[in-house]
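Here is a set of questions and answers on one structure. Look at the coordinates first, then work through the turns.

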Protein chains: 2
Amino acid sequence: MKTILELQCSARKTRSITRELSAFFLQEWSKRQPKTRIICRDLSNTPPPFVTEEWIATVFGVEEADYTQVQKELLAPSDELIGELATVDLILMVTPMYNYGMPAALKAWFDQVIRVNKTFSFDLARGNQPIEPILSGKTLVILSSRGEGDFGLGEVNESMNHLETHISSCRHFLGVESEPYLVHVDYQEFGDTRFRASKEQAFRDIEALVFQLTDPNGHNPTSGTGNAEHI
Amino acid sequence: MKTILELQCSARKTRSITRELSAFFLQEWSKRQPKTRIICRDLSNTPPPFVTEEWIATVFGVEEADYTQVQKELLAPSDELIGELATVDLILMVTPMYNYGMPAALKAWFDQVIRVNKTFSFDLARGNQPIEPILSGKTLVILSSRGEGDFGLGEVNESMNHLETHISSCRHFLGVESEPYLVHVDYQEFGDTRFRASKEQAFRDIEALVFQLTDPNGHNPTSGTGNAEHI
């Protein structure tokens, strides 16, 4: 694993649980693979712009070679984010659940990077599946924190989870074929024993996951199970 | 029905399918209930700011009476959006599906209006259900357009739909107890017969839905079925 893209989006810089999780993940990772390059993109510090009518008209209607200076500037944030994404092997998506889904800044990132002829191609000649991802071979780890809990498969709040499920639906556009690795802290709003147990478990899960993903024996990291839960 | 909040979020001002749908909805509505007041909030023209660390610290940590001038200004967009929402009887949420979910601008709206002591109260003394909505009695209509299709219950892309499902999970915070009314246009990216049939059906659904919701016999609009699909 040569390069990690660390995507932060918690509005909190201090007292952020997700930032604690990612700091631990990267600390453990660096112990085992100190040469890994880590790119940090903090979407909370510099949120991507919302897409506009001009953005849509340009990406769908104009050949890149024909972009005007204004169009180049309009697409510059998207170019930068896609360029960053394209170079990495592992995406470390670090995200609290806000109102049962992604923080708006993270959704703004997805809306900038999922772009025709850059991260996907579209061809009606392919019939009912006209969309094909362009990027490939990346691993996705989602570290999340949720105010409530029981959002897993078969659990009572499963249908309320629009965070990891939504990210997973978009993962192919990021070049991620396999299911994401999930580590989460639950019941943050309650601050009770469930919260503390969940947080302790999350740190253990991260330790096991890093061990698995950096396995020097070269086992395929996407085929292991570790302690981290798959969607 | 005295007041409608029309929430627009398509980046497209021209060639927008969702804006066509809502224009038709409001035209039909005004024919039957010309005295209804309509508030239009265009989140694409004036997107809400992203929530920040200061925003979270203020709403969770400071009594409103003690807000500083800086905190008042920070919360002003949230106050305005919540004040607008609180006054209305029907929310007409007009939204394209972007990357299988809400446009980021619409998520930014949710993140500003779902606010402790304004749209929900939180009390751990309530046990496992500490959250209670503050607003009530509103009707929610979602008019959407999706590039692909078959996102309905039991359909092949059901698990990819993080738009209406996510909105519905948040609806209680908007004061909406009943399931939303859904009208959608599908297969927009294909531009084929399925798209045209879906669009024609959507206009028929809107006509029937307006008829149902403005029923002069006073039938409970939330108990009818009409042609519109419920989640």
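Q: What rotation superposes chain A on chain B?
A: This is a predicted model. The superposition leaves an RMSD of 0.0 Å, and the shift along the axis is 0.0 Å. The two copies are thus related as by a two-fold rotation axis. The rotation is 180°.

Q: Which residue of chain A comes closest to the rotation axis?
A: The distance is taken at the C-alpha, and its value is 2.6 Å. The residue is A:Ala104.

Q: What percentage of the contact residues of chain A recur in chain B?
A: The contact takes 42 residues from chain A and 42 residues from chain B. The same surface serves both copies. The share that recurs is 100%.

Q: What area is buried between chain A and chain B?
A: The size of an interface is often given as the accessible area lost when the parts come together. Here carbon and sulfur atoms give 61% of that area. The total between chain A and chain B is about 3400 Å².

Q: Which residues in chain A lose the most area to chain B?
A: Start from the buried area of about 3400 Å² between the two chains. Three residues together account for 20% of what the side of chain A buries. They are A:Phe50, A:Glu53 and A:Asn99.

Q: How many residue pairs are in polar contact between chain A and chain B?
A: Salt bridges do not add to the picture here: the rule finds zero of them across this interface. For polar contacts, both residues of a pair must have pLDDT 80 or more. The count is 22.

Q: Which helix supplies the largest share of the side of chain A that touches chain B?
A: Three helices of chain A each supply at least two residues of that side: helix 2 (53-61), helix 4 (104-113) and helix 5 (164-169). The largest share is six residues. It comes from helix 4 of chain A.

Q: How many residues of the side of chain A that touches chain B are nonpolar?
A: That side also has 11 polar and eight charged residues. The nonpolar group numbers 23.

Q: How many residues of helix 4 of chain A are buried?
A: The helix is mostly covered. Its buried residues include A:Ala104, A:Lys107, A:Trp109 and A:Asp111. They pack against elements of chain A, among them strand 1 (3-8) and helix 3 (69-86), and also against helix 4 (104-113) of chain B. The count is 10 of its 10 residues.

Q: How many residues apart in sequence are the parts tied together by A:Glu164 and A:Arg146?
A: The side chains of A:Glu164 and A:Arg146 meet in a salt bridge at 2.7 Å, N to O. A:Glu164 lies in helix 5 of chain A, and A:Arg146 in the loop between strand 6 (139-145) and helix 5. The parts are 18 residues apart.

Q: Is A:Arg146 buried or exposed?
A: The cut-off for buried is under 20% relative accessible area. A:Arg146 has 2%. Its partner A:Glu164 also has 2% and is buried. A:Arg146 is likewise buried.

Q: Which residue forms a salt bridge with B:Glu80?
A: The closest N and O atoms are 2.9 Å apart. B:Glu80 lies in helix 3 of chain B and its partner in strand 2 (residues 37-42), so the pair ties together parts 39 residues apart in sequence. B:Glu80 is partly exposed at 47% relative accessibility, whereas the partner is buried at 13%. That partner is B:Arg41.

Q: Which residues does B:Glu84 touch, not counting residues up to four places away in sequence?
A: B:Glu84 lies in helix 3 (residues 69-86) of chain B. At 14% relative accessibility, B:Glu84 counts as buried. The residues touched are B:Leu5, B:Ile39 and B:Arg41.

Q: How far apart in space are B:Gly149 and B:Phe190, C-alpha to C-alpha?
A: B:Gly149 lies in the loop between strand 6 (139-145) and helix 5 (164-170) of chain B. B:Gly149 is buried, at 0% relative accessibility. In sequence, B:Gly149 and B:Phe190 are 41 residues apart. In space the distance is 9.7 Å.

Definitions and conventions: Residues numbered from 1 in each chain as written. Chains lettered and ligands numbered in written order. Predicted model: local features only at pLDDT ≥ 70, side-chain atom pairs only at ≥ 80, totals over all residues. Heavy atoms only, no water. Contact = heavy atoms within 4.5 Å. Buried area = accessible area lost by both parts, 1.4 Å probe. Salt bridge = Lys/Arg side-chain N within 4 Å of Asp/Glu carboxyl O. Polar contact = N/O pair within 3.5 Å; in protein donor to acceptor, adjacent residues only side chain to side chain. Helix = DSSP H or I, 4+ residues; strand = E, 2+ residues; numbered from the N terminus. Nonpolar A, V, L, I, M, F, W, Y, C, P; charged D, E, K, R; others polar. Buried < 20%, exposed > 50% of the residue type's maximum accessible area, 1.4 Å probe, protein only. Least-squares fit on C-alpha atoms with pLDDT ≥ 70 in both.
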